Every structure is written in C-alpha cells, then in structure tokens.
Amino acid sequence: MVPTTRTYGLLLALGVIATLQSTFSDGPSRLGLAIFTLLVLDGAVLLAMVWDGWQVRSQRAQITRSPLHRLSIGRDNPLTLTLQPGSRAAELRIYDHYPAEFEGTPMPLVASIPVGQPAELTYTVNPKHRGEYAWGDLQVQQRGPLGLAWADWRLPLAGTVAVYPDLIGLRQLSIRLALQSTGTLRQQRQLGVGTEFAELREYGTGDDPRFIDWKATARHSAPLVRVLEPEREQTLIVLLDRGRLMTAQVQGLSRFDWGLNAALALALAGIHRGDRVGIGVFDRTLHSWLPPKGGQPYLQQMIERLTPLQPVLLESDYLGAVTQIVKQQHRRALVVVLTDVVDQTASAELLSALVRLRPRYLPFCVTLRDPEVDRRAQTFQTQVGEAYSRAVALDLLAQRQAVFTRLQQRGVLVLDAPANRITDPLVEAYLRIKNRSRL
C-alpha cells in the first residue's frame, strides 16, 4: 500500500505538536514525554493507514482493458478501460505500462466512480516505429475509506502488441471510397466519363447529344443516353523507394513510413475501383515484389508482407527497379514511383528510368517533400545564419521544381506534396486519372 497525502499531513502535524510540546512544557522529562507522545500518535496513524488499506481488499474495483489490437504508426490509437466499482464508491489511480518507446497519455489516469455506476476511461498511445513491442501489466491504486492509504495491486495484462502502417487511415479511406460509390456521391458513373458502359438513363437538359443511344431511343420511344464509367481490371503498380533518401525523419516518422502509408492507401483505392494492384519495394535491387492482383483479401496480404520492411542507407537503383517491372508486366499499367528528389544531377537516373516507361506505360512520379524546408523558405529572416538557411531552402525548392519540369516535359505525371500529407492528394490524383481514362 502507498500512504496518501492526508497520511503525510497527519504525521507532519503530529511532529509539529511534539516539537511545540518539548519546547514550551516544563519539567526535566519533557523531551522524553514529547517523543513518547509522538511515537504513540504516529503508531496510531500508521495502524489506521494499514487498516484503511486492508479494507480495500474486499471492495476492489473491477477493471478490464480493451484488447490490444494492431496499432497504427504515427496515430493516436485509443484504448479504453472499463471500471466497475465494488460495494463502495472508488477513487482510483491507474498506471498502464505501455512501451517506453511510445508517446501517450501521461500516467496515472485518475477516476472517481460512484457506487453502481460503471465508467470508462479512454486514453491514447502514439507509436513512432513499426514492429512488435512488449506491453506491461496494469497497476491499480484505490484509496481506502479513511483516505489514508492507496491499496496497490497489479492486473496481469502484459502482452505483445504489433505496430502496423496507418490502419486507421486505411479504414477512414475505405469508408470515404464507399460513400463516393453510392447515392449522390457516386463519382465514377458520370455522363461521358470513362470507357465502360454502365447504364442507360433518360436524356436530361444539358446532356451531351453525342451520348444518345439511338437504338435504345427507338425501342423505348424516348431519348436515352449512355452513362459510362472508368474501365475496370486495369493495372496499377506502385514502386516504393526504401533507399537513403527515404531514411530521413519528417514530422516524427521516416519518409519511408509516410511512403508506405501512401502506397497502401493507393492500393486500397485501386482495389476498390476494381483494378489489379502490384507493389514493389526497392533499393539497390527490387527487394520485395507482390504481382498485380485484385480483391480485398490481397490488401491484407500486402500489409502483412510490407509491415516488417525498413529503410536502408543504400543508394536506390531506379533503372534496375523499372527494368524488373518491364520484364514482368507486359500489359499497359499506371506505374507510381514513391521517392524523393534533391537536384537535377542526382535525379538523372530517376528521369531516365521513368522516361523508359513511356509510351507503353503511364509513369507517375510522387515525391515526399519535407514541410520544414517549406517553412524555412517562406519565413523572412533578419539574422545572417537564419537567412542563409532560408536561401538554402529556396534553392532546394527551385532545384526540385526544375526536376519536375523536366519530368513533365517527357510525359511523366508528377505529384509533389509534404510527406505527412501525401496520401489524400495521391489517392485523388489516381481517381482523376481513372475518371479521365488516362490509362
């Protein structure tokens, strides 16, 4: 058991009383009498504290923790404790010993539970690296009825938790894509958009006469127009760089982790749109390759296969990775390369590799920018050192733009966005490519 503040206060007050007694009382034995009085009173307080803590044994609150599901990297993952009081109201302090590598809600969690009223406590943990971690027991302290002691015990809830890519973001994206595919939010079935026939509907004001189906109109004696949707069963290939440039930390995560989150989100969007999706991870070689397939179960295979991968301090071989893809993928495909660029000289091999894909494939270069460079470039500085940093940032952005201009001149699609906000622009760009039948 642990003494409460009230217990320490009583012991301190008794010490003050004993001191005053020994100071102002008369008689040769005043010091001994003061010490004796102090020992008796302190002993009584300590016995009361022990009794107070012992009373909690029969009145312990019941506590359960929500299961430790897979956690998402870089997200505030919510966890819930369910608290059930005993025969009396309970005041609790709870320590959940989550891994020291995680950021999270500070401990202890404090709660007061009235009799007969269960309660829930929700807190969050935010892991910054993927992998498996040991999770400790749950430590509970409950204050006794006199408020003199915290009864302390542990619940054996230790276990192992796995940190995955951004699964929370994938769930949110899945819901958004489902909403876009139904009702008034349906995007892919629009008049004159796409190449595959979807349905016939009555001609309305503003419809393009070019899409009138004259045979169906003759049969039904009413003008009908063809509604088209983007072609399904196309091929989407994602090449994720895990080389030296992807080891840099951006907003608390490695650039590779941001790229992996974006790659899985793009795969989810492609599978949801009926495309066959393949993913390759490369550095000097094509390290991992999942050939193009469709269906939701395949996304789970991708997650399990790609989660253990980490970036490495090796120069990436863009040309080699593209060559491997060309050998294995013979039908036309959208090839998305997730990487970063520095300047025109360092990006020459990337340019050569992407240009090699034209015109048989549709190359799409996606770069993950560091928002700190943007911040420095946009902030006016008066100090010499800070002004130099701003000049360097502006030069980096100018060289990046020169690389993108060269890529676009060669027919390569380009998307450059902050690494921590790359997912949504990438998915939207893919959906635009589908809707405009760029493939």
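Arg375 and Glu372 both belong to helix H9, which covers residues 371–378, and they sit three residues apart, about one turn of the helix. In this predicted model, the two side chains form a salt bridge whose closest N and O atoms are 2.5 Å apart. With a relative accessible area of 42%, Arg375 is partly exposed, and Glu372, at 28% relative accessibility, also counts as partly exposed.

From the same helix a second salt bridge leads outward, since the side chain of Arg376 meets that of Glu386 at 3.8 Å, taken from N to O. Arg376 lies in helix H9 whereas Glu386 lies in helix H10, so this pair ties together parts that are 10 residues apart in sequence. The accessibility of the partners can be stated for each: Glu386 is partly exposed, with a relative accessible area of 36%, and Arg376 counts as partly exposed at 31%.

Helix H10 also takes part in a salt bridge with buried partners. The side chains of Arg400 and Asp340 meet with a separation of 2.8 Å from N to O. Because Arg400 is in helix H10 (residues 384–409) while Asp340 is in the loop between strand S20 (334–339) and helix H8 (348–357), the pair ties together parts that are 60 residues apart in sequence. Arg400, at 6% relative accessibility, counts as buried, and Asp340 is buried with a relative accessible area of 6%, the cut-off for that class being under 20%. Nor does this pair stand alone, for Arg400 and Asp340 are linked with Arg255, Arg369, Asp374 and Asp416 in a network of salt bridges. In total, the structure holds 17 salt bridges.

The network includes Arg255, and residue 255 is where helix H5 (255–272) begins. Helix H5 has 18 residues, which at 1.5 Å a residue should span 26 Å, and its end C-alpha atoms are 26 Å apart, in agreement with that expectation. Of those 18 residues, 17 are buried, so the helix is largely enclosed by the rest of the structure. After H5 comes Gly274, whose phi is positive, near 85°.

Helix H5 is one of the elements against which the buried residues of helix H3 pack. Helix H3 runs over residues 167–180, and its 14 residues reach 20 Å from the first C-alpha to the last, close to the 20 Å expected at 1.5 Å a residue. Its buried residues are Leu167, Ile168, Gly169, Leu170, Leu173, Leu177 and Gln180. Besides H5, the helical partners of these buried residues are helix H6 (296–306) and helix H11 (423–435), and the strands they pack against are S3 (71–72), S4 (77–84) and S12 (159–164).

A further place to examine is Arg130, found in the loop between strand S8 (119–126) and strand S9 (131–135). Although it is a loop residue, Arg130 is buried, with a relative accessible area of 6%. Its side chain reaches the backbone oxygen of Thr307 at 2.3 Å, and a polar atom of that side chain also lies 2.7 Å from the backbone oxygen of Leu309. Leaving aside residues up to four places away in sequence, the residues that Arg130 touches include Leu306, Thr307, Pro308, Leu309 and Gln310, and also Phe256, Asp257 and Leu260. Among its other contacts are Ile73, Val163, Tyr164 and Pro165.

Toward the start of the chain, helix H2 (residues 30–55) contains Val45, which counts as buried at 11% relative accessibility. Val45 and Leu10 are 35 residues apart in sequence, yet their C-alpha atoms are 7.6 Å apart in space. Apart from residues up to four places away in sequence, Val45 touches Thr7, Leu10, Leu11 and Leu14.

Leu33 is likewise found in helix H2, but its setting is another one, for Leu33 is partly exposed, with a relative accessible area of 47%. Together with Phe36, Val40 and Leu41, Leu33 makes a nonpolar surface patch of about 370 Å². Helix H2 therefore offers both a buried residue, Val45 at 11%, and a partly exposed one, Leu33 at 47%.

Terms used: Residues numbered from 1 in each chain as written. Predicted model: local features only at pLDDT ≥ 70, side-chain atom pairs only at ≥ 80, totals over all residues. Heavy atoms only, no water. Helix = DSSP H or I, 4+ residues; strand = E, 2+ residues; numbered from the N terminus. Expected span 1.5 Å × (residues − 1). Buried < 20%, exposed > 50% of the residue type's maximum accessible area, 1.4 Å probe, protein only. Contact = heavy atoms within 4.5 Å. Salt bridge = Lys/Arg side-chain N within 4 Å of Asp/Glu carboxyl O. Polar contact = N/O pair within 3.5 Å; in protein donor to acceptor, adjacent residues only side chain to side chain. Patch = residues over 30% accessible without salt bridge, like charges linked within 9 Å, V, L, I, M, F, W, Y side chains within 5 Å. Areas by Shrake-Rupley, 256 points an atom, 1.4 Å probe, with all protein chains shown as cover.
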